[in-house]
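I opened my notebook to go through this structure one query at a time. Here is what I looked up, in the order I wrote it down.

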Amino acid sequence: MGCMVTTGGGGRRVKAARRPELRLPALEPHTGGGLEPDGDYDGLEFREADLAGQDGGGARFMDCALGGCALDGTRLARARFLDSVLTAPRGVGTDLSEATLRDVEVHDARLGGVQLHGAALERVVIRGGKIDYLNLRGSRLRDVVFENCVLVEPDFGGAVLERVAFPGCVLKGADLAGATLTDVDLREVAELDIARGVERLSGAVIGTGQLLDLAPLLAGALGIRVED
């Protein structure tokens with residue numbers, strides 16, 4: 001196993017995630033209608049836009065702000081979000097498979113069934129809101145912070161997580177099967193519930209209270225029989 005367990009003393013310090021430093025330029029309102037596959041969106045503001053069911057696969061969003069946009073069934077596979085902010089996105093079934101998010105902030109999301117499998121996230125902050133059934137299978141997360149949000153049954157199966165933190169988050173039914181963790185900080189998680197893959201916690205740092213909560217799962221993963 002080899003989990004790092006903090007007890008308030010010494011030991012190797014977990015490396016903190018680097019956060020994005022966003023300074024958006026003056027933005028122009030997006031007036032070009034719907035999204036286009038492989039579209040190029042630079043320095044634009046999408047405000048309360050209904051993007052449901054549209055196809056922006058392969059599009060590039062650079063220095064953009066999306067505020068209050070509807071993303072139900074929106075196709076954004078292989079899209080690139082660079083130096084951008086998404087505020088209060090909402091929707092079910094948004095397809096961001098194999099997308100790239102770099103230097104991005106997401107605030108107060110209300111999303112369900114988001115497909116981010118095979119995606120690459122670097123210097124990303126996801127703050128507030130609730131995301132149900134987040135699919136990050138096979139994705140790579142580097143310098144990512146989930147902050148004060150609720151994640152219901154997030155799927156990190158086979159993903160690679162490096163310098164990822166979850167301060168103030170509620171994790172319900174998390175799937176870590178086959179995941180690889182390096183400097184993943186779980187100490188400040190408000191609620192930690194792992195459905196699968198507890199044996200993959202090697203490379204994470206947890207607190208002693210969390211260790212006690214996880215003890216039955218850890219014992220089961222190691223084949224330890226506990227009897228009084």
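My entries below cover cavities, a buried acid, salt bridges, two backbone angles and two glycines.

**Entry 1: model and cavities**

I noted at the outset that this is a predicted model. I began with the empty space inside. How many cavities of 30 Å³ or more does a search of the whole structure find? I got 2 of them. The largest cavity holds about 200 Å³ of space.

I then asked what lines that largest cavity. There are 16 lining residues, and Leu-86, Leu-96, Leu-101, Val-106 and Leu-111 are the closest to the centre. Three elements give two or more residues to the lining: strand S7 (80-87), S9 and strand S10 (120-132). I wrote down S9 as the one that gives the most, with 4 residues.

**Entry 2: Glu-105**

I stayed with S9, since I wanted to look at Glu-105, which sits in this strand (residues 100-112). Is Glu-105 buried or exposed, I wondered, and what charge is around? Glu-105 turned out to be buried, and I found no salt bridge for it. The nearest side chain of opposite charge belongs to Arg-127, at 4.4 Å. I checked the reason for the missing bridge: the cut-off is 4 Å between a side-chain nitrogen of Lys or Arg and a carboxyl oxygen of Asp or Glu, so a pair at a greater distance is not counted.

What does the side chain of Glu-105 make a polar contact with? My lookup gave the side chain of His-107, at 2.9 Å. Setting aside residues up to four places away in sequence, I listed what Glu-105 touches: Pro-20, Leu-22, Ser-84, Val-85, Leu-86, Val-125 and Arg-127. I spotted Arg-127 in this list of touching residues, and I had already met Leu-86 among the residues closest to the centre of the largest cavity.

**Entry 3: salt bridges**

Next I turned to charge pairs. Side chains of opposite charge can pair when their charged atoms come close. How many salt bridges does the structure hold? The count came back as 16, and I looked at three of them.

I took Arg-60 and Asp-40 to start with; their closest N and O atoms are 2.9 Å apart. This pair links distant parts of the chain, with Arg-60 in strand S5 and Asp-40 in strand S3 (residues 40-42), 20 residues apart. I recorded Asp-40 as exposed, at 55% relative accessibility.

I then looked at Glu-45 and Arg-47, whose side chains meet in a salt bridge at 2.6 Å, N to O. Glu-45 is partly exposed at 25% relative accessibility, while Arg-47 is exposed at 61%.

My third pair was Asp-143 and Arg-163, with closest N and O atoms 2.7 Å apart. Here too distant parts of the chain are linked: Asp-143 is in strand S11 (residues 140-147) and Arg-163 in strand S13 (residues 160-165), 20 residues apart. I found both Asp-143 and Arg-163 to be buried. Following shared partners, I traced one network of salt bridges that joins Arg-18, Arg-140, Arg-142, Asp-143, Glu-162 and Arg-163.

**Entry 4: positive phi**

I went on to the backbone. Glu-48 caught my eye with a positive phi of about 50 degrees, although it is not a glycine. I placed Glu-48 in the loop between strand S4 (44-47) and strand S5 (60-62). Its relative accessible area is 57%, so Glu-48 is exposed.

Glu-98 also has a positive phi, about 60 degrees, and is not a glycine either. Where is Glu-98? I found it in the loop between strand S8 (90-92) and S9. Glu-98 is partly exposed, with a relative accessible area of 47%.

**Entry 5: two glycines**

I finished with Gly-91 and Gly-158. Gly-91 is in strand S8 and counts as buried, at 8% relative accessibility. Beyond its neighbours within four places in sequence, I found Gly-91 in contact with Leu-71, Asp-72, Arg-110, Leu-111 and Gly-112.

I located Gly-158 in the loop between strand S12 (150-152) and S13. With a relative accessible area of 41%, Gly-158 is partly exposed. Which residues is Gly-158 in contact with, leaving aside neighbours within four places in sequence? I wrote down Gly-138, Ala-177, Gly-178 and Ala-179.

How values were computed: Residues numbered from 1 in each chain as written. Predicted model: local features only at pLDDT ≥ 70, side-chain atom pairs only at ≥ 80, totals over all residues. Heavy atoms only, no water. Buried < 20%, exposed > 50% of the residue type's maximum accessible area, 1.4 Å probe, protein only. Lys, Arg positive; Asp, Glu negative; His and termini not counted. Polar contact = N/O pair within 3.5 Å; in protein donor to acceptor, adjacent residues only side chain to side chain. Contact = heavy atoms within 4.5 Å. 1 Å grid on protein atoms, 1.4 Å probe; cavity = no way out; pocket = protein on both sides within 12 Å on 5 of 7 lines; lining within 4 Å. Points joined across faces, edges and corners; volume = space filled by probe spheres on them.
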